[in-house]
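Please find below my notes on the model you sent, set out point by point. I would suggest keeping the coordinates open while reading them.

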Amino acid sequence: MFYNVLELKDLVDNRENMFDRNVLLERGESSLSAIALKKHEVLDNHFSVCDACVYVFEGEAEFHFNAEKFTVKKGELIMFEKEKEHKVLALKDTKFLLIKI
């Protein structure tokens, strides 16, 4: 992976009807992953062990934090604190980078 130019769209594949994840870098609890979700797919409630940032590079998704809901579209970024329970709903076929720091 190091010293390569990568095409974001080619890092994960959401053509199948399932969640796809490709871990690009991992150091302890910190990581960089590319994730693909099909339209209407849900990642149920979960926690991150690190502060996190999600950059949507294809599609659109909702991020639910308790009573708050944020719609994140292609080209947008959302950041959140560790141990903040959340779930993700893909509004379209969606691909994003998940950065845990």
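The points below take up the salt bridges, the surface patch, the cysteines and the largest pocket in turn.

1. The model is predicted, and every value quoted in this note is to be read as computed from that model rather than from an experiment.

2. A search of the whole structure returns 4 salt bridges, and three of them, among them the pair K9 and D10, are discussed here. In that pair the closest N and O atoms are 3.2 Å apart. K9 counts as partly exposed, at 45% relative accessibility, whereas D10, at 54%, counts as exposed.

3. The salt bridge between the side chains of D93 and K38, with an N to O distance of 3.4 Å, deserves a separate look. D93 sits in the loop between β8 (86-90) and β9 (94-100), while K38 sits in the loop between β2 (30-37) and β3 (42-46), so this pair ties together parts that are 55 residues apart in sequence. As for burial, D93 is partly exposed at 31% relative accessibility, and K38 is buried, with a relative accessible area of 18%, a value to be set against the limit of under 20% for buried residues.

4. K69 and E62 make a further salt bridge, in which the closest N and O atoms lie 3.8 Å apart; since the criterion asks for a nitrogen within 4 Å of a carboxyl oxygen, the pair is counted. The two partners fall into opposite classes of accessibility, because K69 is exposed with a relative accessible area of 51%, while E62 is buried with one of 12%.

5. On the surface, the side chains of F2, Y3 and L25 make up a nonpolar patch whose accessible area comes to about 420 Å² together. F2 belongs to the segment before β1 (20-27), and at 52% relative accessibility F2 counts as exposed.

6. How many disulfides does the structure hold? There are 0, and the distances explain why for the two cysteines considered here: the sulfur of C50 has its closest cysteine sulfur in C53, at 13 Å, which is too far for a bond. Seen from C53, the closest cysteine sulfur is likewise that of C50, at 13 Å and too far for a bond. For comparison, a disulfide would need the two sulfur atoms within 2.5 Å. Both residues are buried, C50 with a relative accessible area of 7% and C53 with one of 13%.

7. C50 can also be placed with respect to the fold, as this residue is found in the loop between β3 and β4. Its C-alpha atom is 9.2 Å in space from that of I99, although C50 and I99 are 49 residues apart in sequence.

8. The largest pocket has a volume of about 200 Å³. It is lined by 16 residues, of which I35, H46, H86, L98 and K100 are the closest to its centre. Which strand gives the most to this lining? That strand is β9, with 3 residues, and at least two residues of the lining come from each of β3, β4 (52-58), β8 and β9. Anyone preparing this region for further calculation may wish to keep in view that the pocket, like the rest of the note, rests on a predicted model.

Note on methods: Residues numbered from 1 in each chain as written. Predicted model: local features only at pLDDT ≥ 70, side-chain atom pairs only at ≥ 80, totals over all residues. Heavy atoms only, no water. Buried < 20%, exposed > 50% of the residue type's maximum accessible area, 1.4 Å probe, protein only. Helix = DSSP H or I, 4+ residues; strand = E, 2+ residues; numbered from the N terminus. Patch = residues over 30% accessible without salt bridge, like charges linked within 9 Å, V, L, I, M, F, W, Y side chains within 5 Å. Areas by Shrake-Rupley, 256 points an atom, 1.4 Å probe, with all protein chains shown as cover. 1 Å grid on protein atoms, 1.4 Å probe; cavity = no way out; pocket = protein on both sides within 12 Å on 5 of 7 lines; lining within 4 Å. Points joined across faces, edges and corners; volume = space filled by probe spheres on them.
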